[in-house]
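Welcome, and thanks for taking a look at this one with us. Please have the viewer open as you read the short report below.

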Amino acid sequence: MSDCVFCRIVAGEIPCTKVYEDDLCLAFMDIGPLADGHTLLIPKKHYEFLYEMPPEEVAHLAGHLPAMAKAVQEAMGAEGLNVLQNNGRVSGQAVPHVHFHFIPRARGDGLGYRWPAKEADFDVLKEQAEAIRAKLDVEW
Ligand code: 5GP
Ligand code: ZN
């Protein structure tokens with residue numbers, strides 16, 4: 001995708017500050033960091049959404065999550081870390097190429113965290129679980 005900024009980074013057309021690279025994925029520093037050490041991990045192949053990726057390619061990418069998370073957190077001396085992956089503009093996705101964010105966190109860092117939990121209705125949860133299960137291509 002020649003108009004995708006991350007594809008252009010993969011192609012070497014736009015520079016990046018590289019952290020890790022192999023045949024299938026690339027990790028580099030976010031150019032607009034939310035915190036010191038904010039790092040991105042992407043598949044080299046263009047996919048807009050996580051659910052468009054073949055499971056084997058997700059498995060490769062996901063296999064790097066623990067080491068990346070530990071390295072980013074420890075290198076920055078952070079107390080914690082958010083691993084974030086947005087799908088769709090409504091979720092906050094600005095770059096339409098799958099990416100995981102690694103965002104080091106510290107107490108009082110001002111980033112905040114909104115999690116306005118609702119009270120669950122178990123009948124509704126059951127209906128929702130059934131609807132989701134019906135979309136899953138698995139045997140139960
Ligand atoms: P999203 O909002 O799509 O989940 O996150 C996209 C991220 O990509 C943002 O945090 C933004 O700062 C980062 N980003 C956008 N363009 C570039 C770029 O050209 N180089 C780098 N290194 N990061 C970028
Ligand atoms: Zn792309």
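## The zinc site

Let's start with the metal. In this predicted model, the zinc ion (ligand 2) is held by four residues, with donor atoms at 2.0 to 2.3 Å: Cys 4 and Cys 7 each offer SG, while His 46 and His 97 each offer ND1. The angles between these four donor atoms run from 106 to 118°, so the arrangement is tetrahedral; the criterion asks that all angles lie between 85 and 135 degrees.

Along the chain, the donors of the zinc ion (ligand 2) are spaced as C-x2-C-x38-H-x50-H. Cys 7 sits in helix α1 (residues 5-10) and His 97 in the loop between β4 (80-84) and β5 (100-105), so this pair ties together parts that are 90 residues apart in sequence. Are Cys 7 and His 97 buried or exposed? Both Cys 7 and His 97 are buried.

## Around ligand 1

Now for the other ligand. Ligand 1 is surrounded by 16 residues, and the closest are Asp 30, Gly 92, Ala 94, His 99 and His 101.

Oxygen atoms of ligand 1 take part in several short distances to the protein. One lies 2.4 Å from a polar side-chain atom of Asp 30. The backbone contributes too: a polar backbone atom of Val 95 is 2.9 Å from an oxygen atom of ligand 1, and a backbone N or O atom of Gly 32 is 3.4 Å from an oxygen atom of ligand 1. On its own, ligand 1 has 520 Å² of accessible area, and the protein covers 81% of that.

## His 38 and its partner

Have a look next at the loop between β2 (25-29) and β3 (39-43), where His 38 is found. His 38 has a relative accessible area of 2%, so it counts as buried, the cut-off being under 20%. The side chain of His 38 makes a polar contact of 2.8 Å with the side chain of His 101. His 101 is also one of the residues closest to ligand 1.

## The two sides of helix α3

Finally, turn to helix α3 (residues 65-75). Which residues of α3 are buried? They are Leu 65, Met 68, Ala 69 and Val 72. Viewed down the axis of α3, these buried residues fall within an arc of 100°, so they line one face of the helix.

The other side of α3 carries exposed residues: Pro 66, Ala 67, Lys 70, Glu 74 and Ala 75.

Technical notes
Residues numbered from 1 in each chain as written. Chains lettered and ligands numbered in written order. Predicted model: local features only at pLDDT ≥ 70, side-chain atom pairs only at ≥ 80, totals over all residues. Heavy atoms only, no water. Donors = N, O, S within 2.8 Å, 3.2 Å for Na, K, Ca; no water. Tetrahedral: all angles 85-135°; square planar, octahedral: opposite > 155°, others 65-115°. Helix = DSSP H or I, 4+ residues; strand = E, 2+ residues; numbered from the N terminus. Buried < 20%, exposed > 50% of the residue type's maximum accessible area, 1.4 Å probe, protein only. Near = heavy atom within 4 Å. Polar contact = N/O pair within 3.5 Å; in protein donor to acceptor, adjacent residues only side chain to side chain. Areas by Shrake-Rupley, 256 points an atom, 1.4 Å probe, with all protein chains shown as cover. Arc of directions from axis to C-beta.
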